Amino acid sequence: MNETSKINKFIIEEFESNALVNTVSIVPTGLLDLNKENIYPLVNIDMRSADVQNDVIIFDFRFTIVQQRDIRPQKTDSKLLSDSNYLDNINETLSIAQKFINVLARQNNAENIELESQSDIDILKEYRGSGLDGVQFVIGLSIPNEDVAC
């Protein structure tokens with residue numbers, strides 16, 4: 001199995017092992033399916049680039065984790081979004097991201113995948129007008145370059 005397959009398999013398995021995650025997808029971020037029929041929370045893994053070096057390959061990924069907004073039909077003048085589950089959504093999606101980042105930071109995996117870089121975690125509110133809230137971040141991951149070709 002080549003490095004691209006190994007790193008994708010590792011990431012997918014990590015998210016699928018998280019009890020909070022219901023759906024994992026691997027599509028370009030701009031093509032993320034935001035249909036209400038999806039089962040949320042949804043984690044999208046978007047591989048953006050690969051930097052091939054002598055000893056490692058560094059892959060750049062954008063992760064988008066979203067949860068569906070529920071609004072309780074009650075009249076409120078609150079500016080704190082108390083009529084929705086916005087804060088719950090951010091808490092849940094940030095927890096999913098944090099658990100994944102913590103696994104990477106421990107550097108304890110069979111494939112020797114290491115965290116090379118990490119962006120700030122951006123909070124998404126009503127993501128792309130879809131009624132979804134969540135988080136988005138970019139991570140650079142390295143895996144040993146074994147010079148294996150399929």
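The following exercises, each with a worked solution, concern a predicted model of a protein.

**Exercise 1. The overall arrangement**

Determine how many helices and strands the protein contains, and in what pattern they follow one another along the sequence.

Solution.
Step 1. Counting the elements gives two helices and six strands.
Step 2. Reading along the sequence gives the pattern α-β-β-β-α-β-β-β.
Step 3. The contacts may then be examined. Among contacts with a separation of 6 or more, 61% join residues that are 24 or more positions apart.
Step 4. Burial and surface complete the overview. The protein has 150 residues, of which 42% count as buried. Its exposed area is about 8400 Å², and carbon and sulfur atoms supply 47% of that area.

**Exercise 2. The pairing of β1, β2 and β3**

State in which sense, parallel or antiparallel, strand β2 pairs with β1 and with β3.

Solution.
Step 1. Locate the strands: β1 covers residues 23-25 and β2 covers residues 42-52, while β3 covers residues 56-68.
Step 2. Consider β1 and β2. These two strands pair in the parallel sense, over three bridges. An example is serine 25, whose bridge partner in β2 is asparagine 44.
Step 3. Consider β2 and β3. Here the pairing is antiparallel and extends over 10 bridges. Alanine 50, for instance, has phenylalanine 59 in β3 as its bridge partner.
Step 4. Examine the connection. Three residues stand between β2 and β3, and the two strands form a hairpin.

**Exercise 3. The surroundings of strand β6**

Identify which strands are joined to β6 by bridges, and explain why β6 is described as largely enclosed.

Solution.
Step 1. Begin with β3, which is joined to β6 by 13 bridges and runs antiparallel to it. Within this pairing, phenylalanine 63 has phenylalanine 137 in β6 as its bridge partner.
Step 2. Continue with β4, residues 114-118, which is joined to β6 by four bridges in the antiparallel sense. Glutamine 118 stands opposite isoleucine 139 in β6.
Step 3. Add β5, residues 122-124, with three bridges to β6, again antiparallel. Aspartate 122 stands opposite glutamine 136 in β6.
Step 4. Turn to burial, for which the relative accessible area must be under 20%. Strand β6 spans residues 132-144, and 12 of its 13 residues are buried, so the strand is largely enclosed by the rest of the structure.

**Exercise 4. The cavity and isoleucine 96**

Find which residues line the largest cavity, and decide whether isoleucine 96 is buried or exposed.

Solution.
Step 1. Recall the principle of the search: rolling a probe the size of a water molecule over the atoms shows where empty space is left.
Step 2. Apply it to the whole structure. One cavity of 30 Å³ or more is found, and the largest cavity has a volume of about 40 Å³.
Step 3. List the lining: Glu14, Phe15, Asn18, Ile96, Lys99, Phe100 and Val103. By character, four of these residues are nonpolar, one is polar and two are charged.
Step 4. Assign the lining to elements. Helices α1 (3-16) and α2 (86-106) each supply at least two residues, and α2 gives the most, with four.
Step 5. Examine isoleucine 96, which is found in helix α2. This residue counts as buried because its relative accessibility is 0%.
Step 6. Identify its contacts beyond four places in sequence: Phe15, Asn18, Leu20, Val21, Pro41, Val43 and Ile65. Leucine 20 is 76 residues away from isoleucine 96 along the chain, yet their C-alpha atoms are separated by 7.0 Å.

**Exercise 5. Backbone exceptions**

Establish where the cis peptide bond lies, and in which loops glutamine 107 and arginine 128 are placed.

Solution.
Step 1. Recall the usual case: most residues other than glycine have a negative phi, and most peptide bonds are trans.
Step 2. Inspect omega. The bond from tyrosine 40 to proline 41 is cis, with omega near 0 degrees. Proline 41 belongs to the loop between β1 and β2.
Step 3. Inspect phi at glutamine 107, which has a positive value near 50 degrees. This residue is in the loop between α2 and β4, and counts as partly exposed because its relative accessibility is 44%.
Step 4. Inspect phi at arginine 128, where the value is positive and near 50 degrees. Arginine 128 lies in the loop between β5 and β6, and is partly exposed, with a relative accessible area of 46%.

Note on methods. Residues numbered from 1 in each chain as written. Predicted model: local features only at pLDDT ≥ 70, side-chain atom pairs only at ≥ 80, totals over all residues. Heavy atoms only, no water. Buried < 20%, exposed > 50% of the residue type's maximum accessible area, 1.4 Å probe, protein only. Contact = heavy atoms within 4.5 Å. Areas by Shrake-Rupley, 256 points an atom, 1.4 Å probe, with all protein chains shown as cover. Pairing = 2+ DSSP bridges. 1 Å grid on protein atoms, 1.4 Å probe; cavity = no way out; pocket = protein on both sides within 12 Å on 5 of 7 lines; lining within 4 Å. Points joined across faces, edges and corners; volume = space filled by probe spheres on them. Nonpolar A, V, L, I, M, F, W, Y, C, P; charged D, E, K, R; others polar.
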